[in-house]
Amino acid sequence: MSEALALEGIEKTYNPGRANALTVLSGASFELAAGEVVALVAPSGAGKSTLLHIAGLLDSSDAGSVRIGGVDYTGLSDARRTAARREEVGFIYQFHHLLPEFSAVENVILPQLANAVPGAEARAHAMALMERVGVAGRANNRPAALSGGEQQRVAFCRALANKPRVLLADEPTGNLDPGTSDTVFSALMELVRETGLSALIATHNPALAARMDRTLRLEAGVLVSD
Ligand SMILES: Nc1ncnc2c1ncn2[C@@H]1O[C@H](COP(=O)(O)OP(=O)(O)OP(=O)(O)O)[C@@H](O)[C@H]1O
């Protein structure tokens with residue numbers, strides 16, 4: 001199976017050399033195969049968000065390497081890393097972070113325009129994604145007019161709009177009540193499976209973790225496979 005994402009020996013210390021220095025990652029390594037969906041589980045504050053930000057090239061590590069699609073981005077220019085982030089990675093956060101002044105469908109179209117997809121094609125793709133997760137009927141509403149579950153479904157569509165190689169999600173349904181979380185998570189999993197996407201999904205919820213292919217635990221700065 002080919003590799004979608006690989007971390008090797010990732011180290012990260014906040015405030016290095018200071019009295020409040022905090023080592024969060026101390027040699028974290030793992031590989032995500034193409035099409036694999038992996039749960040990332042750890043106690044609060046253990047460093048899940050830090051790890052996801054480094055894996056998605058939003059933050060740099062102090063040591064170690066990040067490969068996406070076989071390309072090692074360690075030490076590459078900010079321009080290369082920014083382009084890879086836009087083309088290869090989709091992010092979903094606990095809160096939707098949709099742009100409030102744009103409609104739901106426009107939020108899904110915008111990242112495609114940044115990748116030079118023609119407008120009509122971007123709109124058709126956005127509507128197809130929104131149809132698949134049951135929010136096409138809300139396409140022309142602004143995020144504030146949508147329910148929490150609908151907002152998060154639109155955020156899934158936005159993350160998948162550029163057909164990324166890797167999806168990174170940080171508690172993607174953590175902000176929703178348990179019932180809504182379950183149905184919205186099912187919609188996400190269907191979308192991920194249909195598109196054959198590789199995903200690393202942080203969750204505190206053991207029932208959601210059990211629905212993924214395997215679980216990685218972040219313990220004392222390293223990743224341990226269950
Ligand atoms: N920019 C920063 N500067 C200093 N310390 C930070 C910074 N970002 C995170 N930390 C600290 O690093 C540790 C790991 O944070 P991180 O957000 O990665 O944890 P997490 O596992 O995602 O937590 P949670 O599950 O609560 O979201 C925490 O103790 C946090 O306070």
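**Entry 1: the loop residue N15**

I began with N15, which counts as exposed because it has 9 C-beta neighbours inside 10 Å, and the limit for an exposed residue is 12 or fewer. The model I am reading is a predicted one. I placed N15 in the loop between β1 and β2. I then looked up its backbone and noted a positive phi of about 55°, although N15 is not a glycine.

**Entry 2: the ligand shell**

N15 came up again when I listed the surroundings of the ligand, where it appears together with Y14, L22, V24, A42, S44, G45, A46, G47, K48, S49 and T50. I asked which element supplies the largest share of this shell. It is α1, with three residues. Both β2 (22–33) and α1 (48–55) give at least two residues each to the shell. Sorted by class, I recorded five nonpolar, six polar and one charged residues around the ligand.

**Entry 3: the antiparallel sheet**

I next followed β2 into its sheet. I found an open sheet of four strands in the order β2-β1-β4-β5, with antiparallel pairing. β2 and β5 (71–72) stand at the edges with a single partner strand each, so one side of each has no neighbour in the sheet. For the pairing of β1 (residues 3–14) with β2, I noted nine bridges and an antiparallel course. Within this pair, E3 of β1 stands opposite A33 in β2.

**Entry 4: the loop after β5**

From the edge strand β5 I moved on to T74, which lies in the loop between β5 and α2 (78–88). Is T74 buried, exposed or partly exposed? I recorded T74 as partly exposed, because 13 other C-beta atoms lie within 10 Å. Setting aside neighbours within four places in sequence, I found T74 in contact with S65 and V66. I also looked up T74 against G56: the two are 18 residues apart in sequence, and their C-alpha atoms are 12 Å apart in space.

**Entry 5: the parallel pair β6 and β7**

I then turned to strand β6 (residues 89–92). V89 and F91 point one way from this strand, G90 and I92 point the other way, and all are buried. I looked up the partner and found four bridges joining β6 to β7 (residues 166–170), with the two strands running parallel. In this pairing, F91 stands opposite L168 in β7.

**Entry 6: the loop before β7**

Going back along the chain from β7, I examined K163, found in the loop between α5 (148–160) and β7. K163 counts as partly exposed because it has 14 C-beta neighbours inside 10 Å. Its phi is near 50°, a positive value in a residue other than glycine.

**Entry 7: the whole chain**

Last, I looked at the protein overall. I recorded seven helices and ten strands. The radius of gyration is 17 Å, close to the 17 Å that the globule rule gives for 226 residues, so the protein is as compact as a globular protein of that length. The C-alpha trace spans about 50 × 40 × 40 Å along its principal axes. Buried residues make up 39% of the 226 residues. Of the contacts with a separation of 6 or more, 71% are between residues 24 or more positions apart.

I also consulted the annotation: an unreviewed UniProt entry lists "domain: ABC transporter" for residues 5–226. Over residues 5–226 I noted 36% helix and 27% strand, with the end C-alpha atoms 19 Å apart.

Note on methods. Residues are numbered from 1 along each chain as its sequence is written. This is a predicted model: local features need pLDDT of at least 70, side-chain atom pairs count only at pLDDT 80 or more; totals for chains, interfaces and linings use all residues. A residue is buried if 20 or more other C-beta atoms lie within 10 Å of its own, exposed if 12 or fewer, and partly exposed in between; C-beta atoms are placed from the backbone. Two strands pair if DSSP finds at least two bridges between them. The radius of gyration is taken over C-alpha atoms; the globule rule is 2.2 Å times the number of residues to the power 0.38. Two residues are in contact if their C-beta atoms, placed from the backbone, lie within 7 Å. UniProt positions are given in the numbering used here, feature names are shortened, and annotations may be inferred rather than shown by experiment. A residue is near a molecule or strand if its C-beta atom, placed from the backbone, lies within 6 Å of it. Ala, Val, Leu, Ile, Met, Phe, Trp, Tyr, Cys and Pro count as nonpolar, Asp, Glu, Lys and Arg as charged, and the others, Gly among them, as polar.
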